[in-house]
Amino acid sequence: NKVATALMTFESLWFGEWCRQINVHRAGLTTPLLKRITAADSKSKVLLVNVDKNVLSLMSEAKQLQAMGLNVPENALSVLKMEKQFKRYHRLLNQLLSAYDDAIRSFAP
């Protein structure tokens, strides 16, 4: 069947390219956790949690590919193993920054 062959070929090529991009996406783990940007009023700076969306995509894709029974490379699995901790830290940092912003606003004139 030509359609099945074409789909299998596409899947194989796509998975191979995904595997080659893993380390590019893993590099997002080395970005600074906090980022200071200019606020909308252009007068102040605000802190944001700096999460590389490629890292989140890698985690999601690795989980899905593993569920499909594909042999996910170890460098992707190592990121996937950190998923719960990574998302927990992300949530806690957002909560911390929210409390920090509230404290700063309470001191504003």
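Helices here are DSSP runs of H or I that hold at least four residues, and they are numbered from the N terminus. With that in hand, we can place a first residue: Val-72 is found in the loop between α2 and α3. One thing to keep in mind as we go is that this is a predicted model.

Let us stay with Val-72 for a moment, since it makes a good starting point. Is Val-72 buried or exposed? Its relative accessibility is 5%, and the limit for buried is under 20%, so Val-72 counts as buried. Setting aside the neighbours within four places in sequence, Val-72 is in contact with Trp-18, Ala-62, Leu-65, Gln-66 and Leu-77. Trp-18 is a partner from another part of the chain: Val-72 and Trp-18 are 54 residues apart in sequence, while their C-alpha atoms are 10.0 Å apart in space.

Val-72 also leads us to the largest nonpolar core. This core has 13 residues, and those touching the most other members are Trp-18, Leu-58, Ala-62, Val-72 and Ala-76. Which elements give two or more residues to this core? They are α1, α2 and α3, the last of these covering residues 74–80. The most comes from α2, with five residues. Apart from this core lies another one, made of five residues, including Leu-47, Val-51, Leu-93 and Leu-97.

From the core we can follow Trp-18 into helix α1. This helix spans residues 2–26 and holds both Phe-15 and Trp-18, which sit three residues apart, about one turn of the helix. Trp-18 is buried, with a relative accessible area of 5%, and Phe-15 counts as buried too, at 17% relative accessibility. A pair of aromatic rings is described by the distance of the centres and the angle of the planes. The structure holds one aromatic pair. Its ring centres, those of Phe-15 and Trp-18, are 5.9 Å apart and the planes meet at 20 degrees, so the pair is stacked; the cut-off for stacked is an angle under 30 degrees.

Further along α1 we come to His-25. With a relative accessible area of 18%, His-25 is buried. Beyond its neighbours within four places in sequence, His-25 is in contact with Asn-54, Val-55 and Leu-58. Leu-58 is a name we have already met, as one of the residues that touch the most other members of the largest core.

Now let us turn to charged residues. Side chains of opposite charge can pair when their charged atoms come close. How many salt bridges does the structure hold? There are five. One of them joins the side chains of Arg-20 and Glu-17, at 3.4 Å from N to O. Arg-20 and Glu-17 both belong to helix α1 and are three residues apart, about one turn of the helix. Arg-20 counts as exposed at 56% relative accessibility, whereas Glu-17 is partly exposed, with a relative accessible area of 36%.

Another salt bridge links Lys-63 with Glu-83, where the closest N and O atoms are 3.1 Å apart. Lys-63 lies in helix α2 (residues 53–67) and Glu-83 in helix α4 (residues 83–107), so the pair ties together parts that are 20 residues apart in sequence. Lys-63 is partly exposed, its relative accessible area being 38%, while Glu-83 counts as buried at 10% relative accessibility. A network of salt bridges links Lys-63, Glu-83 and Lys-87. Elsewhere, Lys-81 forms a salt bridge with Glu-74, with the closest N and O atoms 3.4 Å apart. Lys-81 is exposed, with a relative accessible area of 64%.

Back in helix α2 we also find Ser-60. Ser-60 is partly exposed, with a relative accessible area of 38%. The C-alpha atoms of Ser-60 and Lys-84 are separated by 12 Å, and the two residues are 24 residues apart along the chain.

Our last stop is the largest pocket. About 250 Å³ of space lies in this pocket. Which residues lie nearest its centre? Of the 15 residues that line the pocket, these are Leu-29, Leu-33, Phe-86, Tyr-89 and His-90. Helix α4 provides the largest share of the lining, five residues.

Conventions:
Residues numbered from 1 in each chain as written. Predicted model: local features only at pLDDT ≥ 70, side-chain atom pairs only at ≥ 80, totals over all residues. Heavy atoms only, no water. Phe/Tyr/Trp six-rings, centres within 6.5 Å; stacked < 30°, edge-to-face > 60°. Buried < 20%, exposed > 50% of the residue type's maximum accessible area, 1.4 Å probe, protein only. Contact = heavy atoms within 4.5 Å. Salt bridge = Lys/Arg side-chain N within 4 Å of Asp/Glu carboxyl O. Core = buried A, V, L, I, M, F, W, Y, C linked by side-chain atoms within 4.5 Å. 1 Å grid on protein atoms, 1.4 Å probe; cavity = no way out; pocket = protein on both sides within 12 Å on 5 of 7 lines; lining within 4 Å. Points joined across faces, edges and corners; volume = space filled by probe spheres on them.
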